[in-house]
Amino acid sequence: MKDVRIYHNPACSTSRNALALLRGAGIEPEIVEYLKEPLSKATLRELAAATGGSIRPLLRAKEAQYQALSLDDPKWSEEELLDFVARYPILLNRPIVVTPHGTRLCRPSESVLDLLPEKS
């Protein structure tokens, strides 16, 4: 099922678990290792829109770079936050899964199951 994509960090247990759940459901998704190939600002904007409109909920607040840049400060605009994530991809939380049934940050990893087609 190539219409499923996971924005994945193999070093993250939640991301690995979500990928395992997809594979367990018989789905081999397109895997995007966004730390190796950073996402464009346009792609980040599309992901944010698909998950609710803002990049802010997709930021990894526990990341040292987040703290160093004080990204919790409301002074940062959406465009500035997108610039930061494009420049520092580690700021993007994961895994983000895209399916025909929706796009979601899958934390906890089991939430990926809500994006799968119902078995008949």
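Buried means under 20% relative accessible area, exposed over 50%, and partly exposed in between, with a 1.4 Å probe and protein chains only. Helices (H or I, at least four residues) and strands (E, at least two) are DSSP runs, numbered from the N terminus. This is a predicted model, in which local features need pLDDT of at least 70 and side-chain atom pairs count only at pLDDT 80 or more, while totals for chains, interfaces and linings use all residues. Residues are numbered from 1 along each chain as its sequence is written, and side-chain values use heavy atoms, with hydrogens and water left out.

**View 1. The two sides of helix 2 (residues 41-51).** Glu46 and Ala49 are exposed on one side. The buried residues of the helix are Leu44, Leu47 and Ala48. These cover an arc of only 100 degrees around the axis, so they sit on the same side of helix 2. The arc is that of the directions from the helix axis to the C-beta atoms. An α-helix has 3.6 residues a turn, so residues three or four places apart point the same way. The buried residues of helix 2 pack against strand 1 (5-7), helix 4 (78-87), strand 3 (96-99) and strand 4 (102-105). Contact here means heavy atoms within 4.5 Å. Just after the helix, Gly52 takes a positive phi of about 140 degrees.

**View 2. An open sheet of four strands.** The strand order is 2-1-3-4, with mixed pairing. Strand 2 (30-32) and strand 4 are the edge strands, each pairing on one side only. From one strand to the next, the twist averages 15 degrees. Two strands pair if DSSP finds at least two bridges between them. Strand 1 and strand 2 pair in the parallel sense over three bridges. In this pair, Ile6 stands opposite Ile31 of strand 2. Helix 1 (residues 13-24) packs on the sheet and touches strand 1, strand 2 and strand 3. The direction of helix 1 makes about 170 degrees with that of strand 1. Helix 2 lies across strand 1, strand 3 and strand 4, at about 100 degrees to strand 4. Axes are lines fitted to C-alpha atoms, for helices over the stretch in contact, and angles run from 0 to 180 degrees between N-to-C directions.

**View 3. The hairpin of strand 3 and strand 4.** Two residues lie between the strands. The pairing is antiparallel, over four bridges. Val98 stands opposite Thr103 in strand 4. Strand 4 has a covered face, Thr103 and Leu105. Its uncovered face holds Gly102 and Arg104.

**View 4. Two nonpolar cores.** A nonpolar core is a set of buried Ala, Val, Leu, Ile, Met, Phe, Trp, Tyr and Cys residues joined through side-chain atoms within 4.5 Å. The largest core has 23 residues. Those with the most contacts inside it are Tyr7, Leu39, Ile55, Leu71 and Leu92. Helix 2, helix 4 and strand 3 each supply at least two residues of this core. Helix 4 gives the largest share, four residues. Apart from this core lies another, of eleven residues, among them Val4, Ile6, Leu22 and Ile27. Beyond four places in sequence, Tyr7 touches residues including Leu39, Leu47, Pro95 and Val98.

**View 5. Pro95 and the cis peptide bonds.** Pro95 is found in the loop between helix 4 and strand 3. The bond from Arg94 to Pro95 is cis, with omega near 0 degrees. Pro95 counts as buried, at 0% relative accessibility. Residues that Pro95 touches, beyond four places in sequence, include Ile6, Thr14, Ala18 and Cys106. The C-alpha atoms of Pro95 and Pro10 are separated by 9.7 Å, though the two are 85 residues apart along the chain. A cis bond also joins Arg107 and Pro108, with omega about 0 degrees. Pro108 is in the segment after strand 4.

**View 6. Cys12 and Cys106, in no disulfide.** The structure holds zero disulfides, a disulfide being a pair of cysteine sulfur atoms within 2.5 Å. For Cys12, the nearest cysteine sulfur is that of Cys106, 11 Å away. Cys12 is buried, with a relative accessible area of 6%. Cys106 is buried too, at 0%.

**View 7. Ser70, a positive phi outside glycine.** Ser70 lies in the loop between helix 3 (64-68) and helix 4. Its phi is near 55 degrees. Ser70 is partly exposed, with a relative accessible area of 35%. Most residues other than glycine have a negative phi, and most peptide bonds are trans.
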